[in-house]
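Some questions and answers follow on the model shown here. They go from a metal site to the parts of the chain around it.

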Amino acid sequence: MPPSPKNVPISPATKGLLAHCRRTAAVAKLIAHHLFLPSEEKNLLCAACLLHHRSTGLLAPESMARLLVDIFGEALRVDDPVPVIVRGVLNAYDVPGSGTVLESRLAGILRLADAFDQDMEAQPIDGEEVGEILERLRGGVDAGLWPEESIHALVESTSPPSIREPGTWRLPVFPQAALRTLRLMRDPRANLADVVEAASLDPVIAGLVMQLANSPLFGSRTWISTLSQAIVRLGFATSQKVITSAALRPMFSSPSLQQAWHHSLQVADLSEQLACHAGTIDPAEAYLAGLLHDVGQIALHSMQLYDSARLQGLVSGGCPQIYAESLLLRTDHAKLGAEIAAGWRLPETMVSAIRQHHRSEKAESPLAHLLYVAEYLSASEEDLPSITRLETSLKGIGLALDDIGDCTVSALGSWLAAA
Ligand SMILES: [Fe+2]
Ligand SMILES: [Fe+2]
Ligand SMILES: [Fe+2]
């Protein structure tokens, strides 16, 4: 008996193409929603978007069968897979201007969403911002590729909300203990007493330092009961990492930011390892940059300036976070995070690294490149994958792909995430 299409594995080569089809469907949905299309037409459009590469030969037959089952359910007859009505839209997509009025209208939306996604994929090479892409896509109206109403709907439905001045955002103040540790990291005269003082600024931080020093990670059977003994056991560098991460954790305390915080701890851990490999970046600075790289997520959650359901709709439709943010807000958590870091008067290298951590083609410092590589190692799916950007960033920190193969989250990183 042949296996059910549901159980047929999809080859990695096909996955990228399917991801493009899903994003095309998500963008097409935005347009359809703005044009008040009835739900049957939206569903038809969606199915056509998901299948618009059916004839390119890029989809293996097994993958195609599985995709069809995902869209239309198990009941579909595999020998006549694409329902006639969807085929009509796909034919009109292949030949602009053909088909019925409805088929031609839906094909125009599909063509526009498809072109938009391809331009987003080309961003690492072209460097175009979303506003520039949309402006250029207006040219498709005169070329007969899509009607005026489609591009108008895409521009209107993604018109950015007015963002208030960063000074008016309700954001947490930079924690005193983290500030103190940051100064200590830059002070060659800092000593044990200074670190003890920084840790004792907050009982939660002091408790975490004690807990770690007495944990199996540090192996000794002798129970430690004073903060200074704990810091001696952990060592200067580890103590600073624990204090800084514990001090920053409350900023990510809301349940919706928990995942972002765990991810930040991972990226901090990986950033530090990359800095040690690269040998040209201070590991402590890399660790702090990793902890703070996604701080812009706090701004997104606190500003409430956008329709989070629409943003969520794009993300659950397969659009990476940065893609969805830059389409709907014309900014993203990296740019917002840089505004926050600048407001905290963090060093300019840190601010620009946060701003460019997803845009390595615009990176001005090795720290930004390092964050990009750490994001890659953390398997974060915040942005479209890009070999071009990865290669640029590896070059920016003087490493090759082979050099970073052993970088995985350390035992300390896992302990901090679980603490
Ligand atoms: Fe396409
Ligand atoms: Fe990010
Ligand atoms: Fe991230």
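Q: In this predicted model, what is the geometry of the site of the iron ion (ligand 3)?
A: The site has 6 donor atoms, with angles of 52 to 169 degrees among them. Six donors count as octahedral if opposite donors are over 155 degrees apart and all others lie between 65 and 115. The angle of 52 degrees falls outside those ranges, so the site of the iron ion (ligand 3) is classed as irregular.

Q: Which protein atoms are the donors of the iron ion (ligand 3), and at what distances do they lie?
A: Along the chain the donor residues are spaced H-x29-H-D-x80-E-x6-E. The histidine donors are H263 (NE2) and H293 (NE2). The acidic ones are D294 (OD), E375 (OE), listed twice, and E382 (OE), and the donors lie 2.2 to 2.7 Å from the ion.

Q: Where do H263 and H293 lie, and how many residues apart in sequence are the parts they tie together?
A: H263 belongs to helix α15 (residues 258–278), whereas H293 sits in the loop between α16 (283–292) and α17 (296–303). H263 is buried at 12% relative accessibility, and H293 is buried at 0%. Because the two residues come from these separate elements, the pair ties together parts that are 30 residues apart in sequence.

Q: Which residues coordinate the iron ion (ligand 2)?
A: The spacing of its donors along the chain is D-x38-H-x23-H-H-x23-E. The coordinating atoms lie at 2.1 to 2.2 Å. They belong to D294 (OD), H333 (NE2), H357 (NE2), H358 (NE2) and E382 (OE).

Q: How many residues apart are H357 and E382, and are they buried or exposed?
A: H357 is in the loop between α21 (348–355) and α22 (366–377), and E382 is in the loop between α22 and α23 (387–396). The pair links distant parts of the chain, 25 residues apart. Both H357 and E382 are buried.

Q: Which residue bridges the iron ion (ligand 3) and the iron ion (ligand 2), and how far apart do the ions lie?
A: D294 is a donor of the iron ion (ligand 3) and also of the iron ion (ligand 2). The bridging residue is therefore D294, and the ions are 3.3 Å apart.

Q: How are α15 and α22 oriented where their axes come within 9 Å?
A: The contact involves H263, V267, L270, S271, L274 and A275 of α15, and L370, L371, V373, A374, E375 and L377 of α22. α15 passes α22 in a right-handed crossing. The axes cross at roughly 120 degrees, which makes α15 oblique to α22.

Q: Which residues is H34 in contact with, leaving aside its neighbours within four places in sequence?
A: H34 is found in helix α1 (residues 12–34) and is partly exposed at 32% relative accessibility. Its C-alpha atom is 9.1 Å from that of S150, 116 residues apart along the chain. The contacts of H34 are A153, E156 and S157.

Q: What is the phi of F36, and what is that of R330?
A: Most residues other than glycine have a negative phi. F36, in the loop between α1 and α2 (39–50), is exposed at 75% relative accessibility. R330, in the loop between α19 (321–328) and α20 (333–343), is partly exposed at 27%. Neither is a glycine, but phi is positive at about 55 degrees for F36 and at about 55 degrees for R330.

Methods:
Residues are numbered from 1 along each chain as its sequence is written. Chains are lettered from A and ligands numbered from 1 in the order in which they are written. This is a predicted model: local features need pLDDT of at least 70, side-chain atom pairs count only at pLDDT 80 or more; totals for chains, interfaces and linings use all residues. Side-chain values use heavy atoms; hydrogens and water are left out. Donors are N, O and S atoms within 2.8 Å of the metal (3.2 Å for Na, K and Ca); water is not among the atoms, so sites may look incomplete. Four donors count as tetrahedral if all angles lie between 85 and 135 degrees; four count as square planar and six as octahedral if opposite donors are over 155 degrees apart and all others between 65 and 115; anything else is irregular. Helices (H or I, at least four residues) and strands (E, at least two) are DSSP runs, numbered from the N terminus. Buried means under 20% relative accessible area, exposed over 50%, partly exposed in between (1.4 Å probe, protein chains only). Contact means heavy atoms within 4.5 Å. Axes are lines fitted to C-alpha atoms, for helices over the stretch in contact, and angles run from 0 to 180 degrees between N-to-C directions. Angles under 35 degrees count as roughly parallel, over 145 as roughly antiparallel, 65 to 115 as roughly perpendicular and the rest as oblique. A crossing is left-handed if the near helix is turned anticlockwise from the far one by less than a right angle, and right-handed if clockwise.
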